[in-house]
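Student: Please take one part of this model and look at it closely, setting out what surrounds it and how the terms are defined.

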Amino acid sequence: MRRVAAVAHNTFRESVRERVLYNLLFFAVIMTVSGLLLGELSIRQDAKIIKDLGLAAMDLFGTLIALFVGVGLVSKEIERRSLHPLLAKPVSRDEFLVGKFAGLGFTLLVNVGLMTAGLYATLLALRRGADPALLKAVFAIYLALLVTVALALLLSIVTSTAVASVSTLCLVIAGRYSDVILNLGDVVPGMPAWALRAFMILIPNFRNFDLKDRVVYGDPVSFGDLGWITAYAAAYTGTVITLAVIAFRRRELT
Amino acid sequence: MLPVTEAAPALDIRGLSKSYRIGHLRGKRRPALRDLTLRVPRGAVFGCLGPNGSGKSTTLKLLLGLIFPDSGDAVILGHPMGARAARQSLGYLPENPYFYDYLTPREYLDYAGRLFGLSPGARRDRARELLDLVGITPAADVQMRRFSKGMLQRLGLAQALVNRPELVFLDEPMSGLDPLGRRSVREIILKLKAEGSTVFFSTHILPDAETLCDEVAVLRGGSVVAKGRLDQILTLDVSHMEVLVSGLAPPDVSGLAPGVETFRSMGERLVLHVPEKQLGGVVVAVEQRGGRVLSVQPVRQSLEDFFVAEMGQPAKGEAWTAGA
């Protein structure tokens with residue numbers, strides 16, 4: 001555990017020093033500008049738009065980081081051979097990989113946490129009240145980011161960096177439109193039902209994590225709902241990380 | 001799996017072989033290491049020599065578990081190859097090391113120390129000690145993105161020693177170093193030996209091996225072509241004498257004495273190659289012809305001579321370096 005923490009700490013430090021968190025500046029700009037521009041609208045409208053914008057920006061920036069930083073998380077170390085002297089030390093490949101995942105997971109937590117604080121600060125500055133339900137949508141966004149990191153990590157180990165980036169992006173997009181897959185049977189009549197089911201299981205259903213509209217428009221999100229998506233994220237991420245660990249154990253580091 | 005015994009040598013390699021797949025075609029493989037068998041006693045400085053592409057780095061990567069053998073096995077410090085217990089007592093300097101640009105040497109050494117489970121105080125003290133040892137204390141808090149190759153090499157050596165290893169693997173440790181840096185590394189290797197550590201290093205710079213190694217293995221094309229103590233491999237007897245003379249022209253040499261084998265000009269001086277037994281006669285003959293003997297140098301076989309004699313010219317894709 002100590003070694004996993006050491007790798008995770010270094011991964012977080014890398015994110016900070018390589019300016020990954022600079023995306024917070026863009027977020028701050030979006031929040032400030034939207035706050036200034038929307039001041040003219042009615043109270044109910046501007047609060048919704050700010051919440052919508054804030055959550056969407058959080059989702060977008062987080063996904064970009066999870067995808068592109070996630071793909072380079074281990075593959076960059078393999079390409080540059082910076083992990084050779086580390087793996088000669090008493091840290092196992094499993095610990096290294098889990099540490100890298102945990103490090104980026106923590107970076108995203110800090111990122112999402114600061115954005116959430118920014119969103120609440122904007123709402124409070126406009127005297128629109130701090131809606132605690134927003135935290136449910138933020139939590140779901142964070143779970144989706146962890147799933148994305150796990151996918152990026154696995155694909156970067158079994159393919160090249162470029163292929164991993166493109167394929168992770170495709171999976172993220174496909175997962176956000178998973179309802180389309182369900183209807184593929186209608187679009188492609190010959191498509192067997194088992195193939196559709198297999199698609200639905202393999203492709204992460206990111207729609208499960210999209211609570212933005214429900215929260216913004218005041219639809220209730222129960223703790224049962226949150227528990228279900230947490231279990232789904234844990235199962236999916238756990239499976240993908242396990243596959244990544246198996247692939248990484250077999251990977252030759254020339 | 002080889003039997004593990006308490007009295008095991010530092011390194012016991014049995015029949016290690018490795019090949020790499022060529023391109024994406026299955027079945028086509030290029031052998032990189034063939035049936036390597038070596039024993040390195042504890043406390044020795046062992047040189048793994050060979051041209052680029054001879055299998056030296058492949059050997060180290062196999063021993064560290066970075067790549068996997070096709071066949072064969074090894075026991076490191078009494079533990080199976082790749083075991084965590086073995087890595088706890090190992091140090092490794094990779095060839096052309098790359099470390100994290102965003103870290104300073106002090107931070108990197110701290111990170112390395114954490115992976116060995118050292119306490120914060122021990123990590124701080126060890127980092128200070130090692131930075132001093134490799135001579136980069138003034139740059140201890142500078143991010144490594146500003147480092148030269150030589151400075152990275154020095155840090156690479158420092159991180160390999162964080163845990164006071166019993167066995168140190170150094171892959172081309174002199175690479176990228178200036179003459180002072182090379183001398184410093186030589187001194188560190190000798191210091192490690194004096195402290196009882198075993199050093200296994202790969203190099204294609206022969207004088208380094210000649211200066212430092214108790215034993216060597218010579219690789220070519222992935223196979224061992226010679227191994228053992230230097231005095232077993234090299235002819236340490238004097239092969240001939242080099243006599244530096246002045247006051248003679250090249251034509252004067254012919255008939256000088258039956259022992260003179262050859263000569264070369266060095267400005268107005270000549271270097272004569274003389275069998276040891278004929279030395280006295282040659283000196284007298286030179287003086288009789290108005291010449292003067294300036295120096296007499298006994299010549300022994302060097303590792304470089306050995307390689308040239310044993311292997312001839314480098315094969316395609318190989319490169320020897322006699323010094324650098």
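Tutor: A good place to start is a single pair of residues, B:F46 and B:E215, which are bridge partners, the latter lying in β9(B). Before going further, note that this is a predicted model, in which local features need pLDDT of at least 70 and side-chain atom pairs count only at pLDDT 80 or more, while totals for chains, interfaces and linings use all residues. Residues are numbered from 1 along each chain as its sequence is written, and chains are lettered from A and ligands numbered from 1 in the order in which they are written.

The strand to examine is β3 of chain B, residues 45–49, where strands (E, at least two residues) and helices (H or I, at least four residues) are DSSP runs numbered from the N terminus. Strand β3(B) runs parallel to β9 (residues 215–220) of chain B, and four bridges join them; two strands count as paired if DSSP finds at least two bridges between them. With strand β8 (residues 198–203) of chain B, β3(B) pairs in the parallel sense over five bridges. Along that pairing, B:G47 stands opposite B:F201, and B:L49 stands opposite B:T203.

As for its surroundings, five of the five residues of β3(B) are buried, so the strand is largely enclosed by the rest of the structure. Here a residue is buried if 20 or more other C-beta atoms lie within 10 Å of its own, exposed if 12 or fewer do, and partly exposed in between, with C-beta atoms placed from the backbone. B:V45, B:G47 and B:L49 point one way from the strand, whereas B:F46 and B:C48 point the other way. Over chain B, with its 324 residues, buried residues make up 41%.

The sheet that holds β3(B) is open and has six strands in the order β6-β7-β8-β3-β9-β10 of chain B, with mixed pairing. Its edge strands, each pairing on one side only, are β6 (90–93) and β10 (223–229) of chain B. From one strand to the next the twist averages 15°; for this and the angles below, axes are lines fitted to C-alpha atoms, for helices over the stretch in contact, and angles run from 0 to 180 degrees between N-to-C directions.

Two helices can be placed against this sheet. Helix α5 (residues 149–160) of chain B lies across β6 and β7 (167–171) of chain B and runs at about 170° to β6(B). Helix α6 (residues 179–194) of chain B packs on the sheet, touching β3, β7 and β8 of chain B, and its direction makes about 150° with that of β8(B). Contact between two residues requires their C-beta atoms, placed from the backbone, to lie within 7 Å. By that criterion, among contacts in chain B between residues at least 6 apart in sequence, 70% join residues at least 24 apart.

Chain B, which has 11 helices and 14 strands, also contains an open sheet of four strands in the order β2-β1-β4-β5, with antiparallel pairing. The edge strands of this four-stranded sheet are β2 (29–40) and β5 (79–80) of chain B. Strand β4 (residues 71–76) of chain B pairs with β5(B) over two bridges in the antiparallel sense, and B:V75 has B:P80 as its bridge partner in β5(B). Helix α1 (residues 56–63) of chain B lies across β1 (11–21), β2 and β4 of chain B, running at about 70° to β2(B).

Edge strand β6(B) leads on to the contact with chain A, since it is listed with α2 (84–88) and α3 (105–115) of chain B as giving two or more residues to the side of chain B that touches chain A. The largest share of that side, four residues, comes from α3(B). The contact as a whole takes 22 residues from chain B and 22 residues from chain A. By class, the side of chain B that touches chain A has 16 nonpolar, three polar and three charged residues, where Ala, Val, Leu, Ile, Met, Phe, Trp, Tyr, Cys and Pro count as nonpolar, Asp, Glu, Lys and Arg as charged, and the others, Gly among them, as polar.
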